[in-house]
Each structure stands twice: as C-alpha cells, then as structure tokens.
Amino acid sequence: MQTIAIYPGTFDPITNGHSDLVQRASRLCTKTIVAVARNTGKSPFFTWEERVELAREALAGIPGVEVQGFEILLVEFARQCKAQVILRGLRAVSDFEYEFQLASMNRHLNAEIETVFLTPAEQYSFISSSLVREIARLGGDIDAFVPPNVAAALKQRIG
Ligand code: COA
C-alpha cells in the first residue's frame with residue numbers, strides 16, 4: 001500500500017528533532033509531505049517563505065520527502081494531497097495533552113485521516129524551536145540542535 005503522510009508544523013525554524021522525525025517517516029511512508037503552516041496563532045520569527053525554504057534545504061536528499069507551505073485547514077490540505085496519515089512527534093508526556101486534542105479534533109473534521117505519532121531519538125527530545133531561538137538570541141551555541149543552514153540563518157538574523 002502506498003502511504004502518503006503529512007507532517008505539519010510551524011517549523012520556526014526546523015530543528016534536528018524535526019529532521020530526525022522526517023527521516024524515520026521516510027522509511028515508513030511512500031511520500032512524506034512536510035507541511036509548513038502559515039498561521040498558527042504564534043508570531044513567527046522567520047517568515048512563512050523563509051521557514052519553507054529553510055526546511056527544503058535542510059531536508060533535501062531524504063527520499064520521498066517534499067516540503068510545502070499551507071494556509072488552509074490541515075485536514076483539507078491533507079485531503080488535497082491524498083494523504084491518509086497526519087504525522088506528529090511526541091517528545092515527552094507534556095506533549096500528549098495538546099497532541100491528543102489536535103488528533104481528536106482532526107478526526108472529528110475528517111474521520112478518514114489517521115494521526116500517527118513517532119518519537120524522536122533521545123538526544124532530540126528536549127529541543128524546541130522557541131528554545132533554539134532564545135539561545136541564539138542570547139549568543140549561545142545552537143549548532144548541535146539545528147541543521148547548518150538554519151544555524152547560519154539564525155546567526156545572520158540575530159547579527
Ligand atoms: N523536535 C523538535 N521540536 C519539536 C519536535 C521535534 N520532533 N516536535 C515538535 N517540536 C516543537 C516545535 O519546535 C514547537 O516548539 P515551539 O512551540 O517551542 O516553537 C512545538 O514543538 C510545537 O510545534 P509544532 O509541532 O510546529 O506544532 P504547532 O503547534 O506549532 O503547529 C499545527 C500546529 C500547525 C499542526 C496546527 O496549528 C494546524 O494544524 N494548523 C493548521 C490549521 C488547522 O487545521 N487548525 C485546526 C487544527 S485542529
């Protein structure tokens with residue numbers, strides 16, 4: 001069976017934790033679409049176009065992976081892409097409540113699309129985009145947490 005999965009998020013910016021998840025997904029799915037949301041109620045550090053471009057560069061070369069921006073309902077975007085699966089990462093128990101709510105709401109909106117959870121490698125379980133941004137802003141070393149193109153973009157933006 002051909003499995004098309006959508007991995008949605010803000011990706012502000014993409015981190016090594018996200019890439020780890022995409023690599024795992026690429027081994028399970030025929031196609032993995034990394035879907036960069038334009039608006040998520042957060043005020044993003046990088047623009048939508050920058051977030052898409054950074055993710056594209058970072059994930060180039062992983063088989064069956066493509067990056068697309070979207071600004072409609074996630075389940076509608078998944079339907080348009082013919083995806084059967086929404087993929088989300090669970091890093092810790094603290095992620096569970098929000099993820100359970102999101103998955104349940106998406107199931108109400110479209111019962112044909114299943115949410116599947118993957119866990120990242122242990123060394124990525126504490127990374128989040130907002131922590132990476134904060135560390136970069138305060139001059140800390142972020143090289144171990146993000147792909148090289150993202151580290152360069154953060155350093156350039158922060159100056
Ligand atoms: N490694 C590192 N960090 C990870 C991670 C991983 N494997 N998985 C999640 N994160 C982090 C993110 O960096 C982010 O951290 P931050 O908040 O500190 O920046 C946090 O976990 C959660 O972000 P993300 O996974 O990007 O989710 P989100 O809450 O920003 O995105 C959407 C939610 C985009 C999925 C949701 O808003 C959506 O579907 N929007 C489309 C519109 C829609 O359909 N809305 C109704 C939904 S029911």
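**View 1. A search of the whole structure finds zero disulfides.** A disulfide here is a pair of cysteine sulfur atoms within 2.5 Å. C29 is in no disulfide, and the nearest cysteine sulfur, that of C81, is 13 Å away. C29 is buried, with a relative accessible area of 13%. C81 counts as buried at 13% relative accessibility. Buried means under 20% relative accessible area, exposed means over 50%, and partly exposed lies in between (1.4 Å probe, protein chains only).

A word about the model before we go on. This is a predicted model, in which local features need pLDDT of at least 70, side-chain atom pairs count only at pLDDT 80 or more, and totals for chains, interfaces and linings use all residues. Residues are numbered from 1 along each chain as its sequence is written, and side-chain values use heavy atoms, with hydrogens and water left out.

**View 2. T3 has its place in the segment before β1 (4–9).** Helices (H or I, at least four residues) and strands (E, at least two) are DSSP runs, numbered from the N terminus. With a relative accessible area of 17%, T3 is buried. Which residues does T3 contact, leaving aside its neighbours within four places in sequence? They are C29, T30, K31, Q84 and V85. Contact means heavy atoms within 4.5 Å. C29, from View 1, is thus met again here as a contact of T3.

**View 3. The largest nonpolar core has 30 residues.** A nonpolar core is a set of buried Ala, Val, Leu, Ile, Met, Phe, Trp, Tyr and Cys residues joined through side-chain atoms within 4.5 Å. In soluble globular proteins, nonpolar side chains tend to be buried together. Y7, V22, V34, L59, V67, I142 and L154 touch the most other members of this core. At least two residues each are supplied by α1 (16–28), β2 (31–37), α2 (48–59), β3 (65–70), α5 (129–137) and α6 (148–158). The largest share, five residues, comes from α2. A second, separate core of 14 residues includes I6, F70, A78 and A83.

**View 4. L154 and its contacts.** To explore the surroundings of one core residue, start at L154. Leaving aside neighbours within four places in sequence, L154 is in contact with P13, F45, F46, V132, A136 and I142. I142 and L154 both appear among the residues that touch the most other members of the largest core.

**View 5. R157 and E50 meet in a salt bridge through their side chains.** A salt bridge is a side-chain nitrogen of Lys or Arg within 4 Å of a carboxyl oxygen of Asp or Glu. The structure holds ten salt bridges, and in this one the N to O distance is 2.4 Å. The pair links distant parts of the chain, with R157 in helix α6 and E50 in helix α2, 107 residues apart. R157 is partly exposed, with a relative accessible area of 41%, and E50 counts as partly exposed at 25%.

**View 6. E99 and R88 form a salt bridge between buried residues.** Their side chains meet at 2.8 Å, N to O. E99 lies in helix α4 (residues 93–109) and R88 in strand β4, so the pair ties together parts that are eleven residues apart in sequence. Is E99 buried or exposed? At 5% relative accessibility, E99 counts as buried. Not counting residues up to four places away in sequence, E99 touches R88, G89, L90 and F117.

**View 7. D143 and K155 meet in a salt bridge through their side chains.** The N to O distance is 2.8 Å. D143 lies in the loop between α5 and α6 and K155 in helix α6, so the pair ties together parts that are twelve residues apart in sequence. D143 counts as partly exposed at 42% relative accessibility, and K155 is partly exposed, with a relative accessible area of 47%.

**View 8. K82 is found in the loop between α3 (74–80) and β4 (85–89).** K82 counts as exposed, at 64% relative accessibility. The C-alpha atoms of K82 and I6 are separated by 9.5 Å, although the two residues are 76 residues apart along the chain. I6 is one of the residues in the second core of View 3.
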